[in-house]
Amino acid sequence: MLMAEGPRGAIMPDEPKDPDDSGGTSQVAYGEIVWLSTRKAADRMGITTRTLYRFIDHGDVPAYRFGRVIRLRLSDVDDFIEQCRVEPGSLEHLYPEARLSDLDEGDEDPEANDDD
């Protein structure tokens with residue numbers, strides 16, 4: 001089976017795609033695995049290859065070694081990306097000064113005027 005580089009550097013079998021495929025996706029007919037190089041996987045994730053190697057070494061994202069070459073499955077990369085999604089309301093610890101500045105801009109703190 002011949003291999004060809006597909007969208008975004010995915011290594012794909014040189015077989016016809018699913019007729020329903022829009023052309024912009026990387027899905028392959030016949031249930032074939034779509035493999036990404038470490039460089040293409042890192043580009044897809046928006047990180048450096050060094051950071052990707054750290055994720056692989058820590059077991060955060062699965063990778064496969066074929067001789068000296070490391071490859072990642074497109075589906076594993078996409079799953080990892082989805083797992084890293086930030087939940088709304090989970091970053092308040094990163095901007096605590098916003099709460100203090102809200103008090104400075106608005107009315108005085110009602111607890112500060114207990115002298116009345």
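Q: What is a salt bridge?
A: A side-chain nitrogen of Lys or Arg lies within 4 Å of a carboxyl oxygen of Asp or Glu. In this predicted model, a search of the whole structure finds three of them.

Q: What makes Arg73 and Asp76 a salt bridge?
A: Their side chains meet at 3.0 Å, N to O. The cut-off is 4 Å, and the pair joins an Arg to an Asp, so the name fits.

Q: Is Asp76 buried or exposed, and how do you know?
A: The relative accessibility of Asp76 is 9%. Buried means under 20%, so Asp76 counts as buried.

Q: Why is its partner Arg73 called partly exposed?
A: Arg73 has 26% relative accessibility. Partly exposed runs between 20% and 50%, so Arg73 belongs there.

Q: How do you know that Asp78 and Arg44 form a salt bridge?
A: The closest N and O atoms are 2.8 Å apart. That value is within the 4 Å limit, so the pair qualifies.

Q: What does the pair of Asp78 and Arg44 tie together?
A: Asp78 sits in helix α3 and Arg44 in helix α1, so the bridge links parts 34 residues apart in sequence.

Q: Why are Asp78 and Arg44 both called partly exposed?
A: Asp78 has a relative accessible area of 30%. For Arg44 the figure is 28%. Each value falls between 20% and 50%, so each residue is partly exposed.

Q: What makes Glu82 and Arg85 a salt bridge?
A: Their side chains meet at 3.8 Å, N to O. The limit is 4 Å, so this pair counts too. Both residues are exposed, and that word requires over 50% relative accessible area.

Q: Why can such pairs form at all?
A: Side chains of opposite charge can pair when their charged atoms come close.

Q: Why is Thr38 called buried?
A: Thr38 has a relative accessible area of 11%. The cut-off is 20%, so Thr38 counts as buried. This residue lies in helix α1, residues 38-45. Beyond four places in sequence, Thr38 touches Thr49, Leu52, Tyr53, Ile70 and Leu72.

Q: What makes the link between Thr38 and Tyr53 a polar contact?
A: Their side chains are joined at 3.3 Å. A polar contact needs N or O atoms within 3.5 Å, so the distance passes.

Q: How do you know that Phe80 is buried?
A: Phe80 has 9% relative accessibility, which is under 20%, so the residue is buried. Phe80 lies in helix α3, residues 74-83.

Q: Why is Phe55 called buried?
A: Phe55 has a relative accessible area of 18%. That is still under 20%, so the word applies. Phe55 is found in helix α2.

Q: Which residues do Phe55 and Phe80 touch beyond four places in sequence?
A: Phe55 is in contact with Met45, Ile47, Asp60, Val61 and Phe80. Phe80 touches Met45, Phe55, Asp60 and Val61.

Q: What makes a group of residues the largest nonpolar core here?
A: Core members are buried nonpolar residues joined through side-chain atoms within 4.5 Å. The largest such set has 12 residues, including Val34, Leu36, Met45, Phe55, Val61 and Phe80. Helices α1, α2 (49-57) and α3 each give two or more residues to this core. In soluble globular proteins, nonpolar side chains tend to be buried together.

Q: Which residues make a nonpolar patch on the surface?
A: Val86, Leu91, Leu94 and Tyr95 do, over about 380 Å².

Q: How do you know that Leu91 is exposed enough for that patch?
A: Leu91 has a relative accessible area of 38%. Patch residues need over 30%, so Leu91 passes. The same 38% is between 20% and 50%, so Leu91 is partly exposed. Leu91 sits in the loop between α3 and α4 (97-105).

Q: What is the overall pattern of the protein chain?
A: The order is β-β-β-α-α-β-β-α-α. That gives four helices and five strands. Of the 116 residues, 23% count as buried.

Conventions:
Residues numbered from 1 in each chain as written. Predicted model: local features only at pLDDT ≥ 70, side-chain atom pairs only at ≥ 80, totals over all residues. Heavy atoms only, no water. Buried < 20%, exposed > 50% of the residue type's maximum accessible area, 1.4 Å probe, protein only. Polar contact = N/O pair within 3.5 Å; in protein donor to acceptor, adjacent residues only side chain to side chain. Contact = heavy atoms within 4.5 Å. Patch = residues over 30% accessible without salt bridge, like charges linked within 9 Å, V, L, I, M, F, W, Y side chains within 5 Å. Areas by Shrake-Rupley, 256 points an atom, 1.4 Å probe, with all protein chains shown as cover.
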